[in-house]
Amino acid sequence: MKRALFVLAIWAGVVGSAALAEGTPKIQFDKTEHDFGVVTEAGSVTGTFAFKNTGDAILKLDKPTTTCGCTVASVKPEMLPPGEKGELTFTLTIPTYGGALHKQIFVNSNDPQNPRVALSIKATHQPLYQVSPATFNLVVRQGIETNVTVQVKRTDGKELQIAKVLSNTPWITAQVEKPEAANPSQGRIVLKMKAEGSRRWFSDNVRIYSGTSDNPVCSFWISGRIMGDVSWNPEILYWNINDPAQARAANLEAVLTKRVIVSTTLAGQSLELHNAKSSLKEVSIELVPNDQAKNCQVVARLSEVPNQTLSGTLSFETNIPSQPRVEVPMTIAVLKR
């Protein structure tokens, strides 16, 4: 009798497994959208989507995918028997800037009727701190201090408290002004910039901290160009040679010749250039002064077309004490040998 019952139990298990194998899994979420509404703090929010296998076979789920790296999601369990429940948990990173967020999570499974489910996450970030303007694009003169003012506001009306303002650029410093008694939720930051060194482009993210937190409460971008007393255009000389043999045969002036317009930004100052040189023997240099002495031309010509790509510099001296020597990068790009 015991042996018969044992055999019967095994047979029932086999039949049950076969029935599950022949059945159909079905995934059903309790909701497909999670709306956090208005979020005032930058950082992250976490949520859960619950689901159930309402079919009559084992539900198998793949790892969820998302529409951006700011959303991370996972499901548990990945194998779900009929009638059982599971959950998908996610974390959405809230950026420092304000605006509406709409992200999606995609869940693939072996449900033949619904193999791919799209879940939506929504939030509207209204930063607790607002900065105006949020970006600056400036022209900064070498050695001359340039100041700009940033308005900072706390949107909940509470008193504005700024602990520190940090920049990655050493010549950009910040001075925090205390809020006025009549309007304690608003204040000002004065940025002072005094650039030294060579003429160049710059970009920096200035971060504002409140209290003892290691995370900034808001930030803004400042970028632009550092200008000296001498400017030139273009800033880089570039020859694009598709076929050296064809370029030599054509000997076209427009293809072989490049011109650099050099001028001074000093009012009432005449410009003189001399001792122009090329580090590449393939490039010959000629100085062409302007009649009004406000600018000059540096003419660079390929006197010899090379068979391979070369890089070098064009240099010249000026009569401007702050920039007595200028170097212009040059590249001869040969695409076909």
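Strands here are DSSP runs of E, at least two residues each, numbered from the N terminus.

**Figure 1. The whole chain, as a predicted model.** Before zooming in, here's the overall picture. The protein chain carries 3 helices and 26 strands. Its radius of gyration comes out at 34 Å, whereas a compact globule of 337 residues would sit near 20 Å. Boxed along the principal axes, the C-alpha atoms take up roughly 115 × 75 × 30 Å. Of the 337 residues, 36% are buried. Take the contacts with a separation of 6 or more, and 66% of them link residues 24 or more positions apart. About 19300 Å² of the protein chain is exposed, with carbon and sulfur atoms supplying 51% of that. As for charge, there are 35 positive and 30 negative ones, and their mean positions are 3 Å apart.

**Figure 2. A close look at I285 in strand β23.** The strand in this view covers residues 283-289. I285 counts as partly exposed because its relative accessibility is 24%, and the partly exposed class runs between the 20% and 50% cut-offs. Skip the residues up to four places away in sequence, and I285 still touches A276, K277 and S278, then V298, V299 and A300, plus L314. For a sense of scale, pick out G211 too: it is 74 residues from I285 in sequence, and the two C-alpha atoms are 59 Å apart in space.

**Figure 3. The largest nonpolar core, centred here on W239 and V262.** This core has 27 residues, and W239 and V262 are the ones with the most contacts inside it. At least two residues each come from β19 (230-233), β20 (237-241), β21 (257-264), β24 (295-302), β25 (310-318) and β26 (325-334). The top contributor is β26, which gives 5 residues. Now zoom in on V262. Beyond its neighbours within four places in sequence, V262 meets V230, S231 and W232, as well as L271 and L273. Also in contact with V262 are K294, N295, C296, V298 and F316.

**Figure 4. A second, separate core, with V131 and R154 in view.** This other core has 24 residues, among them L128, Y129, I172 and F220. V131 sits in strand β11 (residues 129-132), and R154 belongs to strand β13 (residues 146-154). The two are 23 residues apart along the chain, with 9.2 Å between their C-alpha atoms. V131 is classed as buried because its relative accessible area is 15%, under the 20% cut-off. R154 is buried as well, with a relative accessible area of 15%. Neighbours within four places in sequence aside, V131 is in contact with V150, Q151, I208, C218, S219 and F220. On the same terms, R154 contacts L128, Y129, E159 and S185.

**Figure 5. S120 and its surroundings in strand β10.** The strand spans residues 116-125. S120 has a relative accessibility of 11%, so it counts as buried. Leave out the neighbours within four places in sequence, and the contacts of S120 are T32, E33 and H34, then F49, and finally H102, K103 and Q104.

How values were computed:
Residues numbered from 1 in each chain as written. Predicted model: local features only at pLDDT ≥ 70, side-chain atom pairs only at ≥ 80, totals over all residues. Heavy atoms only, no water. Helix = DSSP H or I, 4+ residues; strand = E, 2+ residues; numbered from the N terminus. Rg over C-alpha atoms; globule rule 2.2 N^0.38 Å. Buried < 20%, exposed > 50% of the residue type's maximum accessible area, 1.4 Å probe, protein only. Contact = heavy atoms within 4.5 Å. Areas by Shrake-Rupley, 256 points an atom, 1.4 Å probe, with all protein chains shown as cover. Lys, Arg positive; Asp, Glu negative; His and termini not counted. Charge placed at Lys NZ, Arg CZ, Asp CG, Glu CD. Core = buried A, V, L, I, M, F, W, Y, C linked by side-chain atoms within 4.5 Å.
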